[in-house]
Amino acid sequence: MLSFEDADTEETVTCLQMTVYHPSQQQSGIFKSIRFCNKEKFPSIEVVRFGRNSNVCRYIFQDKQVSRVQFALQPFKQFNSSVLSFEIKNMSKKTSLMVDNQELGYLNKMDLPYKCMLRFGEYQLLLEKEDGESVESFETQFILSPRPLLQENNWPTQSPIPEDGGYSSYFTHRTYPTEMDENEL
Amino acid sequence: MERTLTVLQVSLYHSTPGQGAFAKVPLQLLHDTSRLLVGRGKDTHIQLQLPQLSRHHLSLEPYLEKGSTLLAFCLKVLSRKSCVWVNGLPLRYLEQVPLSTVNRISFSGIQMVVRREGGNSLEAFVCYFRFSSSPLIYRPQAQETDEWENVVKKETPPVCGEATHGLLGSPHGSSWTQTAVSSQAPEEEQK
């Protein structure tokens, strides 16, 4: 057995942290098969599936409203990159997968940003990637959030629209006041 | 309404006599939308019997481009040791590239030409395999010429790309079923 001083240098491992929330998480037991806070290691050629089917999925949501395979994550390497990237693919025929503001339909896939919010149904998952040196393996870690990850109606900001549907000069984009003659009023 | 299956016409070549490398490759393979594993391992869908191949050498994974209704495919290298060349681009471990309609792929002495014929089924796709006794992909060789030779009059250089049109894209008699219909099966082709 090699001593500490003679052993090969350990490489840091890329970690994908997933903070999850569902409004019924306390009473329904949908996350009961997930070991929170525990880091789990996977080889980099593995596809990690999430869904209801325990025969196929590594992470199970105990919820009949979840597809048998809801989505899949797998690592890959960008050209000229030394770190692992991840791509996510929607495997559900019934439910779209929102990645931040991008909507993925069935079999659509995209590269995961370093930090992003996944949404499907009432599920909210905040994914955060911490880079590591190793390309041989990666880790996942689940965290349960006691409160919603998204504010309600926290959609992309839009310009306000008046109730009567009409627009007035009040809503036009002005950065400075307009000088008016007092007799114009 | 019956949906047509996407078809991958796969031509394979290796220099081993008797094509022993492809002894376990079926003539036809129907596969769902999970990734197709290619390699030496028993758990691969296309098992190639060559010791220099990795157990999981590469994968072909179907997906849908946004806005498209036809299956696309992504080739990913799973071998840590070998390089896989796809249409002239060298890929290494975990690197991936989307496939075109016709693709020239080479790795560990194997040449594989994959031609995709689109179908609108999102449940499955089918692969038809054929085995070539001559190389499918040529690389241009450097030619030595006399410095006084007229360059215009020299022989036509070797073609880089598909070896012959006869091997690809046109049926040999009735050995191919070109129509991607799930109920039809290709006639057997002698190995």
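Reader: Which residues form one aromatic cluster here?

Author: Twelve names come up in this predicted model: A:Phe31, A:Phe36, A:Phe42, A:Phe50, A:Tyr59, A:Phe61, A:Phe71, A:Phe86, A:Phe120, A:Tyr123, A:Phe138 and A:Phe142. Over all chains, there are 17 aromatic pairs.

Reader: What makes A:Phe31 and A:Phe61 an aromatic pair, and what kind is it?

Author: Two values settle that, since a pair of aromatic rings is described by the distance of the centres and the angle of the planes. For A:Phe31 and A:Phe61 the centres are 5.9 Å apart, and the cut-off is 6.5 Å, so they pair. Their planes meet at 70°, and over 60 degrees counts as edge-to-face, so that's the name this pair gets.

Reader: How do you know which parts of the chain the pair of A:Phe31 and A:Phe61 links?

Author: Look at where each one sits. A:Phe31 is in the loop between α1 (25–28) and β2 (39–43) of chain A, while A:Phe61 is in the loop between β4 (59–60) and β5 (71–76) of that chain. They are 30 residues apart, and the pair links distant parts of the chain.

Reader: Why do you count A:Phe31 and A:Phe61 as you do, buried or exposed?

Author: Buried means under 20% relative accessible area. A:Phe31 comes in at 5% and A:Phe61 at 0%, so both get called buried.

Reader: Why is the pair of A:Phe61 and A:Tyr123 called stacked, edge-to-face or tilted?

Author: Tilted is the word here. The centres are 5.3 Å apart and the planes are at 45°. Stacked needs under 30 degrees and edge-to-face needs over 60, so 45° lands in the tilted group. A:Tyr123 belongs to strand β11 (residues 123–130) and A:Phe61 to the loop between β4 and β5, so this pair ties together parts of chain A that are 62 residues apart in sequence. Both A:Phe61 and A:Tyr123 are buried.

Reader: What makes A:Lys109 a charge that sits over the ring of B:Tyr63?

Author: The charged end of A:Lys109 lies 4.3 Å from the centre of the ring of B:Tyr63. The distance limit is 6 Å, so 4.3 Å passes, and A:Lys109 sits over the ring. In chain A, the charged end of A:Arg58 sits over the ring of A:Tyr59, at 5.1 Å from its centre.

Reader: How do you know that B:Arg35 has no salt bridge?

Author: The nearest side chain of opposite charge, B:Glu61, is 5.7 Å away. A salt bridge needs 4 Å or less, so B:Arg35 has none, even though it is buried. A polar atom of the side chain of B:Arg35 does lie 2.9 Å from the backbone oxygen of A:Ile45.

Reader: What is noteworthy about the phi of A:Cys37 and of A:Asp100?

Author: Most residues other than glycine have a negative phi. A:Cys37, however, has a positive phi of about 70°, and phi of A:Asp100 is near 55°.

Reader: Why is A:Cys37 or A:Asp100 called exposed or partly exposed?

Author: Exposed means over 50%. A:Cys37 has 55%, so it is exposed. A:Asp100 has 32%, between the 20% and 50% limits, so it is partly exposed.

Methods:
Residues numbered from 1 in each chain as written. Chains lettered and ligands numbered in written order. Predicted model: local features only at pLDDT ≥ 70, side-chain atom pairs only at ≥ 80, totals over all residues. Heavy atoms only, no water. Phe/Tyr/Trp six-rings, centres within 6.5 Å; stacked < 30°, edge-to-face > 60°. Helix = DSSP H or I, 4+ residues; strand = E, 2+ residues; numbered from the N terminus. Buried < 20%, exposed > 50% of the residue type's maximum accessible area, 1.4 Å probe, protein only. Lys NZ or Arg CZ within 6 Å of the ring centre and 35° of its normal. Lys, Arg positive; Asp, Glu negative; His and termini not counted. Polar contact = N/O pair within 3.5 Å; in protein donor to acceptor, adjacent residues only side chain to side chain.
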